[in-house]
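User: Hey, can you walk me through the ligand site and the helix packing in this one?
Analyst: Sure, let's pull it up.
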Amino acid sequence: MLTLTDYLLNERGKTKHDVTILLHQIENVSKIIASHVKASGLIDILGKTGKTNTFGEEVQKLDDFANKLLINTLLTGGQVHAVVSEENEKPVFATKANDGDYIVFFDPLDGSSNIDVTCPIGTIFGIYHKSGDILQPGKDQIAAGYIIYGSSVMFVYTAGNGVNGFTLDPAVGNFFLSHSKITMPQDGEIYSINEAYEHTFDKELRAYLQHLKKKPHTASRYVGSMVADMHRTFIKGGIFLNPGNTSRPKGKLRLTIEVNPFAYLTEQAGGKAVGLANKNPLLTVPEHIHDRTPAIIGSKKMVDEYLSFYKDGK
Ligand code: AFP
């Protein structure tokens, strides 16, 4: 019975940067968020604040709570130099007294439109060293991970030495190692895309979807919460697609906050991710913290098959 804390301590010293304390702080925050998510149907925290974030998206109370808790914990914990949240237009910096070495990008509660229908939601994070600019390519991530608040709560992360998953035992209050060295199946039978937008996709993607529908055993699953759709992809294999379309040429997902953490986890789990112009998103230097990118992520064979529908892979 190895806890996440035990695991983090065992890993100490094996990597160039020591993010043990920082990951432990994120773990602690995630337990508090998890307890609020579980209670959200019962208490008056459910519902909308009536506010919109800087991008015109509705902010819900639980998002607000998770965002403030993460920002306050990380900025006062002595490990972090700056945080970049999906809910904030600009980075927020630690005071001189609390200044640390790391920059953390996070989405405090991804899939928040699923909160009031009790579907899985999650927290996503990517960690960089402050020696670079705030805007660093995803390949420079020191660690990345997500917490899924579903039928179980799981903390899944990589620090460049494989992907491991820990499941929360709510009675004890600890995450225990439950999914050691997660390997994404090389091939899969599930595709995950919002097909309501099919008429706005390019012809190559539409042809690929038609091809999938003719393949035996192929199934479609789409929660609409990236953490849930990607978690299934890690465990069962498959392909997750949030492509560009005619109304959103760069898609909906944020490069730094959503796509890069999952691209890094996917690479570590033996899968494949492509983004803008079907290139590896981890190599893109962001121009802005809230840049968007198409994201096609999943089992290597399925992503390669998707790419074969594009001339020159574009
Ligand atoms: P919300 O946080 O507004 O629910 O958005 C979730 C999300 O960013 C991501 O988790 C989903 O994959 C994606 O949006 C689903 O949106 P579309 O189906 O409209 O692309």
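User: Which residues come nearest to the ligand?
Analyst: This is a predicted model, so keep that in mind. Of the 15 residues around the ligand, the nearest are Asp110, Ser113, Tyr197, Tyr222 and Met226.

User: What's the mix in that shell, by class?
Analyst: The shell around the ligand has seven polar, five nonpolar and three charged residues.

User: OK, polar contacts. How far is the side chain of Tyr197 from a ligand oxygen?
Analyst: An N or O atom in the Tyr197 side chain is 2.7 Å from an oxygen atom of the ligand. The side chain of Lys252 also has an N or O atom 2.8 Å from a ligand oxygen. With Ser112 the backbone does the job: one of its N or O atoms lies 3.0 Å from an oxygen atom of the ligand.

User: And how much of the ligand does the protein cover?
Analyst: 85% of the 480 Å² of accessible area that the ligand has on its own.

User: Switching to helices. At what angle do helix 5 and helix 6 pack?
Analyst: Helix 5 (residues 226-236) and helix 6 (residues 255-268) pack at about 10°, and their axes are 12 Å apart. That angle is why helix 5 counts as roughly parallel to helix 6.

User: Which residues make that contact?
Analyst: Helix 5 brings Met226, Val227, Met230 and Phe234, while helix 6 brings Glu258, Val259, Phe262, Leu265 and Thr266. By class, that contact has seven nonpolar, one polar and one charged residues. Met226 is also one of the residues that come nearest to the ligand.

User: What about helix 4 and helix 7, how do they cross?
Analyst: The axes of helix 4 (residues 203-214) and helix 7 (residues 300-307) cross at roughly 130° and come within 9 Å. Helix 4 and helix 7 are therefore oblique to each other.

User: Which side chains are we talking about there, residue-wise?
Analyst: Leu205, Tyr208, His211 and Leu212 of helix 4 meet Met302, Glu305 and Tyr306 of helix 7. The contact divides into five nonpolar, one polar and one charged.

Note on methods:
Residues are numbered from 1 along each chain as its sequence is written. This is a predicted model: local features need pLDDT of at least 70, side-chain atom pairs count only at pLDDT 80 or more; totals for chains, interfaces and linings use all residues. Side-chain values use heavy atoms; hydrogens and water are left out. A residue is near a molecule or strand if one of its heavy atoms lies within 4 Å of it. A polar contact is a pair of N or O atoms within 3.5 Å; within protein, one must be able to donate a hydrogen and the other to accept it, and residues adjacent in sequence count only if both atoms are side-chain atoms. Accessible areas come from the Shrake-Rupley method with a 1.4 Å probe; for residues, only the protein chains shown count as cover. Ala, Val, Leu, Ile, Met, Phe, Trp, Tyr, Cys and Pro count as nonpolar, Asp, Glu, Lys and Arg as charged, and the others, Gly among them, as polar. Axes are lines fitted to C-alpha atoms, for helices over the stretch in contact, and angles run from 0 to 180 degrees between N-to-C directions. Helices (H or I, at least four residues) and strands (E, at least two) are DSSP runs, numbered from the N terminus. Angles under 35 degrees count as roughly parallel, over 145 as roughly antiparallel, 65 to 115 as roughly perpendicular and the rest as oblique. Contact means heavy atoms within 4.5 Å.
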